[in-house]
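Trainee: I'd like a close look at one part of this protein, the spot around a buried histidine, and then how the rest fits around that picture. Could you walk me through it?

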Amino acid sequence: MYQLGDNWVSISSPLLPPQFAQSVALAVRGRRTAMAAVAAEPAAAAVAAAAEDRELQREAKLGLDDQWHQIENAESGRERPLQAGESWFLVKQHWYKQWEVYVQGGDQDASTFPGCINNAELFEDQINWRLKEGLVEGKDYVLLPAAAWHYLVSWYGLEDGQPPIERKVIKLPNIQKVEVYLVELLLVQHTDMDTILTAQFSHTDTLDVVLSTAREHFLVEPQEDTRLWIKNSEGSLDRLCNTQITLLDAAIETGQLVIMETRNKDGTWPSTQLHGMKNMAEEDEDFQGQPGICGLTNLGNTCFMNSALQNKVGHFATQFLGYQQHDSQELLSFLLDGLHEDLNRVKKKEYVELCEANGRPDQEVAQEAWQNHKRRNDSVIVDTFHGLFKSTLVCPDCGNVSVTFDPFCYLSVPLPVCHKRVLEVFFIPMDPRRKPEQHRVVVPKKGNISDLCVALSKHTGIAPDKMIVTDVFSHRFYKLYQLEDPLSSILDRDDIFVYEVTGRIEPIEGSRDDIVVPVYLRERTQARDYNNSYYGLILFGHPLLVSVPRDRFSWEGLYNILMYRLSRYVTKPTSDEEDDGDEKGDDNEEEEEEENEASSDEEGKEEIPGPSTRGDLQDSEPEQPGPSSGVNRRCPFLLDNRLHTSQWPPRRRRKQLFTLQTVNSNGTSDRTISPEEVQTQPYIAMDWEPEMKRRYYDEVEAEGYVKHDCVGYVLKKAPVQLQECIELFTTMETLEKENPWYCSSCKQHQLATKKLDLWALPEILIIHLKRFSFSKFSHEKLDTLVQFPIRDLDFSEFVIKPQNELAPDLYKYDLIAVSNHYGGMRDGHYTTFACNKDSGQWHYFDDNSVSPVNENQIESKAAYVLFYQRQDVARRQPQPDSSVPSASPAFKSSPGPEFMDVEVP
């Protein structure tokens with residue numbers, strides 16, 4: 001027995017939804033079995049079972065709103081912060097989304113009941129139950145804390161035979177995360193390399209745990225000494241000496257072979273006899289490769305590190321620790337800054353005030369700024385990588401101009417952004433003879449839904465004001481867009497359906513326009529319960545937006561219009577089949593109908609006419625709505641104003657293919673009319689019996705569509721020149737609201753105009769292409785092809801400092817390396833092209849793989865960070881007196897009296 005409201009009901013009671021009762025029954029059986037197993041005495045078992053029943057009673061009577069709160073918002077819900085050592089569980093995203101739709105619909109007897117939790121699609125197989133590779137949180141699965149998981153299992157059950165996917169929260173430096181993927185190692189003994197044990201470990205497990213697991217599985221005696229070796233990517237074996245470090249610190253990754261070696265009884269180790277076990281020093285002596293041509297093994301998402309400088313810094317910068325995706329440019333910035341601090345010749349930094357121009361010449365202000373910078377920062381990194389740019393800010397109110405000179409280590413240049421995007425949509429015409437059409441339309445990125453309608457109108461010839469744009473998901477309208485809604489709210493993966501209509505959905509007082517009604521298709525299906533008598537309703541097909549003239553706005557009028565709209569794939573019954581629906585047809589029934597109709601006329605003379613039971617609506621003369629009509633006093637969009645019923649037909653004289661039912665916006669529960677709902681627009685469901693659907697509904701034809709000629713259109717992205725990106729970098733812009741500038745004259749923050757100019761460039765110029773675009777509504781990676789020169793990149797037109805015409809090499813650069821990024825926002829892979837300084841040969845570095853390439857292979861859409869070397873550097877002669885510290889080569893100029901003890905721009 002379980003409490004439902006103020007009543008106690010049995011599991012099989014009709015007061016409980018059959019699906020819910022079934023899940024509770026499964027949970028009861030499972031829990032009672034478990035309790036009985038641990039209770040040694042019958043009395044103890046009875047007490048335990050009673051306590052368990054009380055707990056289930058509390059859970060069983062939770063309403064859908066309470067379920068939502070318990071899973072999403074409660075202390076034990078998804079918002080719970082991660083704590084190291086706690087268990088979290090994976091649930092398939094699709095099931096969880098279905099559960100969300102179900103609980104938000106508010107109807108426990110809805111057809112969207114999600115059923116048992118089924119994670120089958122998360123596994124590679126159903127024997128070893130190994131997770132599929134590459135699963136993404138929020139796309140393939142959601143994570144739930146233990147309490148929320150157990151609630152869902154007790155309410156809905158878990159698919160028979162499936163194990164729960166339990167994962168622990170691990171603590172990494174400065175971060176805690178759920179460890180979804182464990183490290184899977186192959187364990188063998190040195191005496192039997194063919195018998196392999198596959199075992200999983202946490203990244204935070206120590207090597208001692210691995211050793212203990214191997215000893216236990218291979219039945220090693222406690223008195224025997226053992227040690228571990230691991231096979232590296234080159235096929236040789238490395239000794240794992242320190243068993244107290246974690247797998248993460250040891251950089252051990254999934255799939256590696258770990259060999260347990262057991263000491264001989266004479267006290268020696270059999271290492272010298274192990275195949276592939278060689279002394280690393282011997283390998284180093286045999287190496288005769290070319291300097292600079294060496295790859296690094298990917299330790300697990302460490303390609304960003306290999307691409308930037310082939311150097312691991314996880315222990316020194318915890319933001320780069322672990323196996324998450326990182327950015328090679330961010331690593332490079334950190335690495336150069338860290339090296340600079342380690343090599344800084346200035347041991348005690350003095351305070352230096354920011355100097356503004358205040359009307360002084362640029363040359364004087366630039367020299368002062370560089371001197372101040374060198375007083376705090378003096379290293380080979382500054383000498384090699386630092387340049388100087390001029391920053392000019394102008395107050396829009398008082399006209400105050402602020403000029404400063406600031407050092408930089410790299411240039412982050414923007415890419416010219418295309419202001420158009422291509423949307424793929426399906427157009428649903430009103431003419432039932434025409435199939436839906438697939439279109440690809442070009443719209444402005446920052447436009448509105450109205451822009452989409454205008455673009456589609458050019459393809460279809462239908463006026464934009466005769467269109468309604470929708471997002472269709474799982475056979476229902478996920479969203480009905482308004483014309484002023486931004487296009488940025490539409491994602492590329494959304495299924496957008498645009499319907500031709502002759503009215504609007506929004507109620508307009510006194511309007512005579514057609515009424516647009518959202519319509520769903522549902523099929524009755526027999527659900528499993530103890531009596532095999534429960535019938536559920538499942539949505540199918542594509543929903544409709546049907547325009548209904550006001551003079552035909554009745555149940556039977558809507559039925560006839562739907563039959564017309566579906567005529568392409570729904571067969572109309574023959575006259576003989578229609579007569580089958582009239583089983584009685586006697587005089588008594590006709591008299592009863594006439595009495596009911598007369599009674600209804602008296603009660604609702606000013607209401608919208610209800611469905612006629614005597615033929616088509618053309619034979620009736622419904623009342624026209626007017627200023628004094630009851631249509632204005634009540635919502636003109638409710639089909640049940642007259643009959644006060646939410647379904648049709650109540651009685652049938654003629655055979656109907658389907659029945660009509662008012663439902664909520666999810667199409668999952670019947671809609672009852674209450675006073676507060678009177679002004680809302682109903683959704684209508686067409687409910688089909690399986691046999692009627694099989695006989696009269698052509699599913700293949702219903703799903704058919706045609707492709708418009710525009711489907712083959714691809715928005716061509718013209719390549720851009722690197723010089724265009726630099727021009728954008730130096731273009732004047734207005735500061736954003738989130739980043740105002742404080743004007744010293746106005747004494748307030750202003751949205752000033754800002755302009756950057758290049759004053760002097762370094763020996764090695766790093767150019768970062770800003771491919772990752774972030775906005776309020778979207779994040780995207782720009783895959784625009786940037787064409788960059790390999791030789792003679794000329795900056796003379798961008799440097800505003802007075803130039804030395806006798807030294808053109810000071811402004812020309814040659815490419816020496818490129819860091820590439822392949823993939824998107826969430827994931828990707830980094831590689832590098834680099835030119836060997838000795839041979840001049842270009843090579844492609846892909847983790848531990850290195851291969852020679854031609855120069856014409858270097859330029860690609862993946863180029864992310866460019867490394868250029870100034871041409872005068874290679875030609876520069878050694879300084880005659882090495883004891884005298886050289887000035888920054890970035891600012892070397894012709895000798896002259898303008899520079900004194902410190903050479904500056």
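**A histidine pair and its surroundings**

Mentor: Let's begin with a side-chain pairing: His386 and His373 make a polar contact through their side chains, at 3.2 Å. Keep in mind that this is a predicted model. His386 sits in the loop that runs between helix H11 (380-385) and strand E12 (387-394). Is that histidine buried or exposed? His386 counts as buried because its relative accessible area is 11%, and the cut-off for buried is under 20%. There is also a long-range neighbour to look at: Leu765 is 379 residues away from His386 in sequence, yet the two C-alpha atoms are 8.2 Å apart in space.

Leu765 falls within the numbering of strand E32 (764-770), and that strand is one of the elements giving two or more residues to the largest nonpolar core. That core has 37 residues, and the members touching the most others are Leu722, Leu758, Ile767, Phe795 and Tyr868. Besides E32, the elements that put in two or more residues include strand E14 (411-414), helix H19 (722-729), strand E31 (753-760) and strand E41 (863-870). H19 provides the largest share, 4 residues.

Pick out Leu758 from that group and look at what is around it. Leaving out residues up to four places away in sequence, Leu758 touches Leu388, Phe389, Phe408, Leu411, Ile726, Phe729, Phe795, Phe798, Val799, Ile800 and Lys801. Two of these, Leu388 and Phe389, have numbers inside strand E12 (387-394), the strand on one side of the His386 loop. Apart from this core lies another one, of 28 residues, with Val519, Leu657, Leu660 and Ala702 among them.

Now the other side of that loop. Helix H11 (380-385) starts at position 380, and Val380 joins Leu339 and Leu343 in a nonpolar surface patch of about 230 Å². Leu343 belongs to helix H9 (residues 328-343). Its relative accessible area is 44%, so Leu343 is partly exposed.

For another polar pairing, go to Arg227 in strand E9 (residues 226-231). Arg227 is buried because its relative accessible area is 15%. Its side chain meets that of Glu261 in a polar contact of 2.8 Å. Setting aside neighbours within four places in sequence, Arg227 is in contact with Arg239, Ile259, Met260, Glu261, Trp269 and Ser271.

Terms used. Residues are numbered from 1 along each chain as its sequence is written. This is a predicted model: local features need pLDDT of at least 70, side-chain atom pairs count only at pLDDT 80 or more; totals for chains, interfaces and linings use all residues. Side-chain values use heavy atoms; hydrogens and water are left out. A nonpolar core is a set of buried Ala, Val, Leu, Ile, Met, Phe, Trp, Tyr and Cys residues joined through side-chain atoms within 4.5 Å. Buried means under 20% relative accessible area, exposed over 50%, partly exposed in between (1.4 Å probe, protein chains only). Contact means heavy atoms within 4.5 Å. Patches are made of residues with over 30% relative accessible area and no salt bridge: like charges are joined within 9 Å, nonpolar side chains (Val, Leu, Ile, Met, Phe, Trp, Tyr) within 5 Å. Accessible areas come from the Shrake-Rupley method with a 1.4 Å probe; for residues, only the protein chains shown count as cover. A salt bridge is a side-chain nitrogen of Lys or Arg within 4 Å of a carboxyl oxygen of Asp or Glu. A polar contact is a pair of N or O atoms within 3.5 Å; within protein, one must be able to donate a hydrogen and the other to accept it, and residues adjacent in sequence count only if both atoms are side-chain atoms.
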